[in-house]
Amino acid sequence: GEQVVEALGAAGVHALSLANRHSLDCGTAGLIESIGHLQASGIAPFGAGSDRDAAEDPLVVHFTVGGIERSLVVFAGFEYRERYARRYRWYAGPGISGVAELSPERIAERVSDLRASLPSPVFVAFPHWGRDYAGVTEEQRELAARLVDAGMDLVVGHGARILQPPEIMDGTPVF
């Protein structure tokens, strides 16, 4: 763990999504240990945590462009998969460590609050979704549409292990 974190830092990584199908390969203790190593090295982990609230906390980065203060808000989540929910107990819950389940409805609630409290926010969804080595699924399209409806300015998915074609949904880029 420590060597991986050191290599990530040396590569210039500042943040890392843990909302994926491998974050609990070493159990919840391994997840919490990984989060600690990342935080200690200055890398911001997001998309997983000690409970659902912590797992769903977005990455928030403040920056200035042309003298205007802005906020980049990135929501990570792992699409719901019954096997991961029931058999592996992968998803964080109240008082339960795990990864953030991709929930456009819960993200929409957070977007509303953050839009009122952050300067000029840009909202990005970073879902782990799709089927390995396959094209875009209908489930991905449906989730993307719901994320756009939730207020995302950009959707950047990952996890299918291949490049999938980009789309524009209601003016919002989806990759």
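In this predicted model, arginine 141 counts as partly exposed, at a relative accessible area of 28%, and its side chain meets that of glutamate 167 in a salt bridge with an N to O distance of 2.9 Å. The two residues belong to distant parts of the chain, since arginine 141 sits in helix α6 (residues 138-149) and glutamate 167 in strand β9 (residues 167-169), 26 residues apart. Glutamate 167 is likewise partly exposed, with a relative accessible area of 23%. Elsewhere, salt bridges with shared partners join Arg21, Asp132 and Arg161 into one network.

Over the whole structure, the search finds 11 salt bridges. Side chains of opposite charge can pair when their charged atoms come close. Three of the pairs, including the one just described, are set out below with their N to O distances.

| Arginine | Glutamate | N to O distance |
|---|---|---|
| Arginine 106 | Glutamate 56 | 2.5 Å |
| Arginine 81 | Glutamate 79 | 2.8 Å |
| Arginine 141 | Glutamate 167 | 2.9 Å |

The salt bridge between arginine 106 and glutamate 56 spans helix α5 and helix α3 (residues 52-56), so that it ties together parts that are 50 residues apart in sequence. Arginine 106 is partly exposed at 24% relative accessibility, whereas glutamate 56, at 15%, counts as buried because its value falls under the 20% cut-off. In the pair formed by arginine 81 and glutamate 79, arginine 81 is buried at 11% relative accessibility, and glutamate 79 is buried at 3%.

Glu56 and Arg106 also appear in the lining of the largest cavity, together with Phe75, Ala76, Ala100, Glu101, Leu102, Ser103, Ile107 and Arg110. The elements that contribute two or more residues to this lining are β5 (68-78) and α5 (104-117), and α5 gives the most, with 3 residues. Sorted by class, the lining holds 5 nonpolar, 1 polar and 4 charged residues. The space in this cavity comes to about 70 Å³, and the count of cavities of 30 Å³ or more is 1.

On the surface, Val61, Phe63 and Val65 make a nonpolar patch of about 220 Å². Valine 65, one of these residues, lies in strand β4 (residues 59-65) and is partly exposed, with a relative accessible area of 47%; because patch residues must have over 30% relative accessible area, valine 65 meets that part of the criterion.

How values were computed. Residues numbered from 1 in each chain as written. Predicted model: local features only at pLDDT ≥ 70, side-chain atom pairs only at ≥ 80, totals over all residues. Heavy atoms only, no water. Patch = residues over 30% accessible without salt bridge, like charges linked within 9 Å, V, L, I, M, F, W, Y side chains within 5 Å. Areas by Shrake-Rupley, 256 points an atom, 1.4 Å probe, with all protein chains shown as cover. Salt bridge = Lys/Arg side-chain N within 4 Å of Asp/Glu carboxyl O. Helix = DSSP H or I, 4+ residues; strand = E, 2+ residues; numbered from the N terminus. Buried < 20%, exposed > 50% of the residue type's maximum accessible area, 1.4 Å probe, protein only. 1 Å grid on protein atoms, 1.4 Å probe; cavity = no way out; pocket = protein on both sides within 12 Å on 5 of 7 lines; lining within 4 Å. Points joined across faces, edges and corners; volume = space filled by probe spheres on them. Nonpolar A, V, L, I, M, F, W, Y, C, P; charged D, E, K, R; others polar.
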